[in-house]
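Please open the model in your viewer and keep the sequence panel visible. The tour below proceeds by selection, one stop at a time.

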Amino acid sequence: MTLRNAAATKQRILEHAQRQFAQNGYAATTVKGVADAAGVSPNLITRYFGGKEGVFLAATRVEIPVSNSFDGDRSELGSRLAASIVERWFGAPEEDPLLVLQRASGERPEAAEALAAFLDTNSLEPLYRYLRDGGLDDADARARAAAIDAFVLGVSTRRRVLRSELGDPAELQAWLSATIQRLTDG
């Protein structure tokens, strides 16, 4: 197998693993099920990822570009963040690795750790730096960033993990925008 084919095979496995974990959860997803869906031998999953936990962590690796949400005036932060959140939640909700991590974090310590690390790196810290660099003192910037982070995680958990209805995207975006802005402004 050439290196390029190996890379394509790994990618195909990851795509099917994301779908399987999103649809079935961690406990119900099997290496054989992922392998069958990807059209490969289960041995390849072991070779490339070390088994179920490895393919789970690889399939739920989350990369969300957040820098564009922090470009601009603080008075419009709520609007920018809400637009980004609603776009993600309504984009491909059943294949969202962040949603898979949220759902699995109660049963898998490594999922909880991966989710916490993602939120710290991609949400809490950039938001804190943005608010601090925007003129808030250190303690106030940290407190407001933590409040926004907790609010968004709570709404996400309530509406996505516990599977309440997300509702109308425009109404959800307006509510998120207003609430995030209130937390931003103090």
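In which helix does Trp89 lie? Select Trp89 to begin: the residue belongs to helix α5, which spans residues 77–91. Please bear in mind throughout that the model is predicted.

**Stop 1: Trp89 and its surroundings**

With Trp89 still selected, display its solvent accessibility. The relative accessibility is 4%, and Trp89 therefore counts as buried, the cut-off being under 20%. Next, show the residues that Trp89 touches, leaving out those up to four places away in sequence: Val152, Val155, Ser156, Arg160, Leu166, Leu172 and Leu176. Add a distance between the C-alpha atoms of Trp89 and Ser156; the separation is 8.6 Å, although these positions lie 67 residues apart in the numbering of the chain.

**Stop 2: the whole chain**

Clear the selection and display the protein chain as a cartoon. How many helices and how many strands are there in the protein chain? The chain holds 9 helices and 0 strands, and the order from the N terminus is accordingly α-α-α-α-α-α-α-α-α. Along the principal axes, the C-alpha atoms fill a box of roughly 55 × 35 × 30 Å.

Colour the chain by confidence. The mean pLDDT is 86, and 92% of the residues reach 70 or more. Helix α9, at residues 169–185, has the highest mean confidence, 96; helix α6, at residues 97–104, has the lowest, with a mean of 78. As a general caution, predicted coordinates should not be read in detail where pLDDT is low.

Now switch to a surface view. The protein chain exposes about 9700 Å², of which carbon and sulfur atoms supply 52%. Of the 186 residues, 41% are buried. Among contacts between residues at least 6 apart in sequence, 66% join residues at least 24 apart.

**Stop 3: charged side chains**

Select the charged side chains. There are 22 positive and 25 negative ones, and the centres of the two sets lie 7 Å apart. Side chains of opposite charge can pair when their charged atoms come close. The count of salt bridges in this model is 4, and three stops among them follow.

- Select Glu125 and Arg142. Their closest N and O atoms are 3.4 Å apart, and the two residues form a salt bridge. Glu125 lies in helix α7 (residues 109–133) and Arg142 in helix α8 (residues 138–161), so this pair ties together parts that are 17 residues apart in sequence. Glu125 is partly exposed, at a relative accessible area of 27%, and Arg142 is likewise partly exposed, at 38%.
- Select Arg132 and Asp133. Their side chains meet in a salt bridge with an N to O distance of 3.1 Å. Arg132 counts as partly exposed at 32% relative accessibility, whereas Asp133, at 60%, counts as exposed.
- Select Asp140 and Arg144. The closest N and O atoms of this salt bridge are 2.8 Å apart. Both residues lie in helix α8, 4 residues apart, about one turn of the helix. Is Arg144 buried or exposed? At 13% relative accessibility, Arg144 counts as buried, while Asp140 is partly exposed, with a relative accessible area of 26%.

**Stop 4: helix α1 and the loop after it**

Move to Gln20, in helix α1 (residues 3–28). Gln20 is buried, with a relative accessible area of 17%. Which residues does Gln20 touch, not counting those up to four places away in sequence? They are Gly25, Thr29, Gly33, Val34 and Ala37.

Continue to Thr30, found in the loop between α1 and α2. Thr30 counts as partly exposed, at 41% relative accessibility. A C-alpha to C-alpha distance drawn from Thr30 to Ala17 reads 9.3 Å, for two residues 13 apart in sequence.

**Stop 5: the loop between α8 and α9**

Finally, select Gly167, which is found in the loop between α8 and α9. Its relative accessibility is 44%, and Gly167 counts as partly exposed. Draw one last distance, from Gly167 to Pro42: the C-alpha atoms are 39 Å apart in space, and the residues are 125 apart in sequence.

How values were computed:
Residues numbered from 1 in each chain as written. Predicted model: local features only at pLDDT ≥ 70, side-chain atom pairs only at ≥ 80, totals over all residues. Heavy atoms only, no water. pLDDT = per-residue confidence, 0-100. Helix = DSSP H or I, 4+ residues; strand = E, 2+ residues; numbered from the N terminus. Buried < 20%, exposed > 50% of the residue type's maximum accessible area, 1.4 Å probe, protein only. Contact = heavy atoms within 4.5 Å. Areas by Shrake-Rupley, 256 points an atom, 1.4 Å probe, with all protein chains shown as cover. Lys, Arg positive; Asp, Glu negative; His and termini not counted. Charge placed at Lys NZ, Arg CZ, Asp CG, Glu CD.
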